[in-house]
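Hi,

Here is the structure I promised to pass on. Have a look at it first, and then read on for what turned up.

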Amino acid sequence: AFSMGAGPVTGLVIPELNPGQIRGRAVAAAMTSHWICNVMIGQSFMAAVAQYGLAGVYSFFGGCAVLAAVYISTQVPETKGKTFDQISKELA
């Protein structure tokens, strides 16, 4: 499910939006926070299901996904077919 969902997006978008001199550090920071969040969700999932029920937990995750989709569609620039220089000019 990870590769079919939003999981790998972090590793694809972050390098495209950062200049070469900080790209490695930006990707490292993004992937570190990504996996920290994955571990926290994995460790707290069963406790959340016990507290709120499966429907409540999945409703919360679904709401987060909808909010993320709205944010991405309105705030993250399209990079398909653009050079890094074009992307940099749009973000400046």
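Val27 counts as partly exposed, because its relative accessibility is 23% and the buried class is kept for values under 20%. This is a predicted model, by the way, so please read everything below in that light. Val27 belongs to helix α2. Once its neighbours within four places in sequence are set aside, the residues in contact with Val27 are Ile14 and Pro15. Lys89 is another matter: 62 residues separate Val27 and Lys89 in sequence, and their C-alpha atoms are 21 Å apart in space.

Now for the chain as a whole. It has 3 helices and 0 strands, so the order of elements from the N terminus reads α-α-α. The radius of gyration is 16 Å, well over the 12 Å that the globule rule gives for 92 residues, so the chain is more spread out than a compact globule. Along the principal axes, the C-alpha trace spans about 50 × 25 × 20 Å. Of the 92 residues, 10% are buried. The accessible surface comes to about 6,900 Å², and carbon and sulfur atoms hold 68% of that. As for contacts with a separation of 6 or more, 42% of them are between residues 24 or more positions apart.

The helices themselves are easy to place. Helix α1 covers residues 9–17, helix α2 takes in residues 20–75, and α3 runs over 84–91, with a loop between α2 and α3.

The part I would look at next is around Glu16 and Thr79. Glu16 sits in helix α1, while Thr79 is in the loop between α2 and α3. Which of the residue's atoms join Glu16 to Thr79, side chain or backbone? The side chains do, through a polar contact of 2.4 Å. Thr79 is buried, because its relative accessible area of 14% falls under the 20% limit. Glu16, at 35% relative accessibility, counts as partly exposed.

The contacts of these two residues, leaving out neighbours within four places in sequence, fill in the picture:

- Thr79 is in contact with Glu16, Leu17 and Ile87.
- Glu16 touches Thr79, Phe84 and Ile87.

Ile87 therefore appears in both lists, as a contact of Thr79 and of Glu16. Phe84 also deserves a glance: Glu16 and Phe84 are 68 residues apart along the chain, yet their C-alpha atoms are separated by 7.0 Å.

Asp85 gives a contrast to that pair. This residue is in helix α3 and counts as exposed, because its relative accessibility is 53% and the class begins over 50%. Asp85 and Ala65 are 20 residues apart in sequence, but 31 Å lie between their C-alpha atoms.

On to charges. Side chains of opposite charge can pair when their charged atoms come close. How many salt bridges does a search of the whole structure find? The search finds 1, and the partners are Lys82 and Glu90, with the closest N and O atoms 2.7 Å apart. Lys82 is partly exposed, at a relative accessible area of 31%. Glu90 is partly exposed as well, with a value of 45%.

Finally, the surface. Which residues make the nonpolar patch of about 500 Å²? They are Ile41, Leu54, Tyr58, Phe60 and Phe61. Leu54, one of these, is placed in helix α2. With 46% relative accessibility, Leu54 counts as partly exposed; that is over the 30% a residue needs to be part of a patch.

If you open the model with just a few things in mind, I would pick the Glu16–Thr79 contact at 2.4 Å, the Lys82–Glu90 salt bridge and the nonpolar patch that includes Tyr58 and Phe61.

Best wishes

Note on methods
Residues numbered from 1 in each chain as written. Predicted model: local features only at pLDDT ≥ 70, side-chain atom pairs only at ≥ 80, totals over all residues. Heavy atoms only, no water. Salt bridge = Lys/Arg side-chain N within 4 Å of Asp/Glu carboxyl O. Buried < 20%, exposed > 50% of the residue type's maximum accessible area, 1.4 Å probe, protein only. Patch = residues over 30% accessible without salt bridge, like charges linked within 9 Å, V, L, I, M, F, W, Y side chains within 5 Å. Areas by Shrake-Rupley, 256 points an atom, 1.4 Å probe, with all protein chains shown as cover. Helix = DSSP H or I, 4+ residues; strand = E, 2+ residues; numbered from the N terminus. Contact = heavy atoms within 4.5 Å. Rg over C-alpha atoms; globule rule 2.2 N^0.38 Å. Polar contact = N/O pair within 3.5 Å; in protein donor to acceptor, adjacent residues only side chain to side chain.
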